[in-house]
Amino acid sequence: MILTVLWTSVAVSVALGHTLRGGPLPKANPLATHDWHAVVLAITYAPLLLWGPLLGAVTIAYWQRRRRIPVTARDTVPVGSVS
């Protein structure tokens, strides 16, 4: 979770042209481009930011599915019986 928050904040700050401390990106920074390369980078990297939250969601769903108590034979109603 910590890495998800960290990388999301890094991606947002770099997209806005700032460092994590709030200053402008240095001119020599390879991510400080303002042309089509930056657009391609943002489009291809943005789905990766969903990895952490989606992994957490499927982990919780798996845990909830696995902790269910299995139905035993005595809890079932035989076919053809009227209740």
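**Burial, helices and a pocket**

User: Leu55 sits in helix α3. Why is Leu55 called partly exposed?

Analyst: This is a predicted model, and the value is computed from it. Leu55 has a relative accessible area of 41%. Buried means under 20%, and exposed means over 50%. Leu55 falls in between, so "partly exposed" is the right label.

User: How far apart are Leu55 and Met1, in sequence and in space?

Analyst: They are 54 residues apart in sequence. In space, their C-alpha atoms are 10.0 Å apart. Both residues also appear in the lining of the second largest pocket.

User: What lines that pocket, and what is its volume?

Analyst: The volume is about 160 Å³. The lining residues are Met1, Leu3, Thr4, Trp7, Thr8, Tyr45, Leu48, Leu49, Trp51, Gly52 and Leu55. Helices α1 and α3 (51-66) each supply at least two of them. The largest share, four residues, comes from α1.

User: What makes the count for this lining eight nonpolar, three polar and no charged?

Analyst: Sort the residues by class. Met, Leu, Trp and Tyr count as nonpolar, so Met1, Leu3, Trp7, Tyr45, Leu48, Leu49, Trp51 and Leu55 go there. Gly counts as polar, and Thr falls in that class too, so Thr4, Thr8 and Gly52 are the polar ones. The lining holds no charged residue.

User: Why is Ser13 called buried?

Analyst: Its relative accessible area is 12%. The cut-off for buried is under 20%. Ser13 is below that cut-off, therefore it is buried. Ser13 lies in helix α1 (residues 2-15). Leaving out residues up to four places away in sequence, Ser13 touches His18, Thr19 and Leu20.

User: Which residues of α1 are buried, and what do they pack against?

Analyst: The buried residues of α1 are Val10, Ala11 and Ser13. They pack against α2 (36-45).

User: Val12 is also found in α1. Why is Val12 called partly exposed?

Analyst: Val12 has 46% relative accessibility. That is not under 20%, and it is not over 50%, so Val12 counts as partly exposed.

User: Where does Ala46 lie, and what makes Ala46 partly exposed?

Analyst: Ala46 lies in the loop between α2 and α3. Its relative accessibility is 39%. That value sits between the 20% and 50% cut-offs, so Ala46 is partly exposed. Its C-alpha is 9.8 Å from that of Val12, with their positions 34 residues apart along the chain. Ala46 and Thr8 are 38 residues apart in sequence, and their C-alpha atoms are 9.1 Å apart.

User: How do you know that the span of α1 is close to the expected one?

Analyst: α1 has 14 residues. The expected span is 1.5 Å times one less than the number of residues, so the expected value for α1 is 20 Å. From its first C-alpha to its last, α1 reaches 20 Å, close to that expectation.

User: Which residue with a positive phi follows α1?

Analyst: Gly17 follows α1, with a phi near 85°.

User: What is the pattern of the whole chain, and what share of the chain is buried?

Analyst: The chain has three helices and zero strands. Along the sequence the pattern reads α-α-α. Buried residues make up 6% of the 83 residues. The chain exposes about 7,600 Å², and carbon and sulfur atoms supply 71% of that area.

Notes
Residues numbered from 1 in each chain as written. Predicted model: local features only at pLDDT ≥ 70, side-chain atom pairs only at ≥ 80, totals over all residues. Heavy atoms only, no water. Helix = DSSP H or I, 4+ residues; strand = E, 2+ residues; numbered from the N terminus. Buried < 20%, exposed > 50% of the residue type's maximum accessible area, 1.4 Å probe, protein only. Contact = heavy atoms within 4.5 Å. 1 Å grid on protein atoms, 1.4 Å probe; cavity = no way out; pocket = protein on both sides within 12 Å on 5 of 7 lines; lining within 4 Å. Points joined across faces, edges and corners; volume = space filled by probe spheres on them. Areas by Shrake-Rupley, 256 points an atom, 1.4 Å probe, with all protein chains shown as cover.
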